Amino acid sequence: MSLRQMEYFLTVVEEASFTRAAEVLHVTQPALSHQIKALEKAVGGALLERMPRGVRLTPMGRAYLPHAELAVRSAAQARRAARAAAGAEGGELHIAALHSIAVGAMPDVFARWRTARPRVLLRLHEYATTEALEEAVQRGTADLAVGPEPAGPTGTVVPVGEEEVVLVVPFDDRLAGRTTVTLPELADRAWIRCAMEPVVHGERFLDWACGQAGFRPRTAVWTEHTSTAVRMAAAGVGVCAAPAHVVRGAVGEDCVLLTPDPAWKRALTVYARVPPTGAAAAFVDLLRATWPSLGAACAAPVYEECDLPAARTPAPQS
């Protein structure tokens with residue numbers, strides 16, 4: 001079996017049609033059918049069931065699919081890595097990041113990259129959870145991932161510093177003249193919550209942290225994205241907790257940032273299946289240089305005083 005045959009197979013699955021797949025691949029339908037039959041002969045059975053309208057996977061095809069996806073993505077990643085290592089112009093670098101990091105930190109990093117290496121294309125893949133982020137690297141979707149230190153074996157992990165989580169309130173809030181606040185002072189407040197909120201000790205982080213302070217937070221609004229929660233808090237809907245860089249990226253600090261006492265911080269890393277070289281290594285260096293607050297304390301604990309693990313995202317509940 002060949003990589004091209006796997007690519008043809010994946011395209012047929014994605015398009016659910018030999019006709020549409022042939023158009024996407026710019027080959028004739030008989031040529032496509034011939035390659036699929038050759039692939040099925042090589043694996044020892046039918047992978048696709050031809051239906052009156054379209055196709056569907058056979059049980060063997062369902063078992064084969066994730067391995068074919070991994071092989072094709074790994075091959076693409078290998079080509080990108082080789083070009084990057086050789087300093088080839090016109091190459092690509094795929095970066096995976098949590099949504100909060102993508103909206104808060106990546107714009108400045110990407111702008112500097114475009115100035116330094118305008119002919120190396122960057123592709124950003126955003127994920128809501130650390131699990132999805134780690135999977136993206138393992139499956140070869142991305143060359144580098146930016147987020148908390150991965151839970152499982154990954155390959156190369158490079159510490160890049162820490163991320164501070166702050167509390168957001170509007171300018172007319174009664175706490176607007178402060179710089180720090182303790183959680184008990186917020187016991188009577190409504191909160192903007194986000195589906196991306198991490199989980200610690202089996203509870204959403206804010207539920208756990210407020211519980212330690214002797215109260216349960218009253219939820220006003222659930223959002224899907226951290227940046228939306230920040231906008232809601234800036235408008236006065238309620239208090240929200242968010243990484244400081246997201247606040248600056250989402251609303252340009254058009255609000256008041258309060259530091260919890262004690263402070264909430266978590267370590268961030270860049271990680272990959274193989275050691276970064278060429279363009280990938282240059283991107284890691286640029287990230288550390290562009291975001292000095294990250295490079296200052298690479299051994300910082302994850303949310304000080306809170307023992308917070310990597311983010312976990314349960315289904316939102318009000």
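**Cysteines and strand 8**

Okay, let's start with C240: its sulfur sits 7.9 Å from the closest cysteine sulfur, the one in C255, and that's too far for a bond. Keep in mind that this is a predicted model. C240 is also buried, because its relative accessibility is 0%.

Now C194. Here the closest cysteine sulfur belongs to C240, and the gap is 8.8 Å, so again that's too far for a bond; the cut-off for a disulfide is 2.5 Å. C194 comes out at 9% relative accessibility, so this one counts as buried too. And for the whole structure, the disulfide count is 0.

So where does C194 live? It's in strand 8, residues 190-194. How many of the residues in strand 8 are buried? That's 5 of 5, so to speak a mostly covered strand. Remember that in a regular strand the side chains alternate between the two faces of the sheet. In strand 8, A190, I192 and C194 are on one side, W191 and R193 are on the other, and all of them are buried, so both faces are covered.

Which strand does strand 8 join? Strand 11, residues 218-223: the two run parallel, with 5 bridges between them. If you want a spot to look at on screen, find A190, which stands opposite R218 in strand 11.

Last thing, confidence. Mean pLDDT for the protein chain is 81, and 86% of the residues get to 70 or more. The stretch to watch is residues 294-318, where pLDDT stays under 50. The model has 79 contacts beyond four places in sequence for that stretch.

How values were computed
Residues numbered from 1 in each chain as written. Predicted model: local features only at pLDDT ≥ 70, side-chain atom pairs only at ≥ 80, totals over all residues. Heavy atoms only, no water. Buried < 20%, exposed > 50% of the residue type's maximum accessible area, 1.4 Å probe, protein only. Helix = DSSP H or I, 4+ residues; strand = E, 2+ residues; numbered from the N terminus. Pairing = 2+ DSSP bridges. pLDDT = per-residue confidence, 0-100. Contact = heavy atoms within 4.5 Å.
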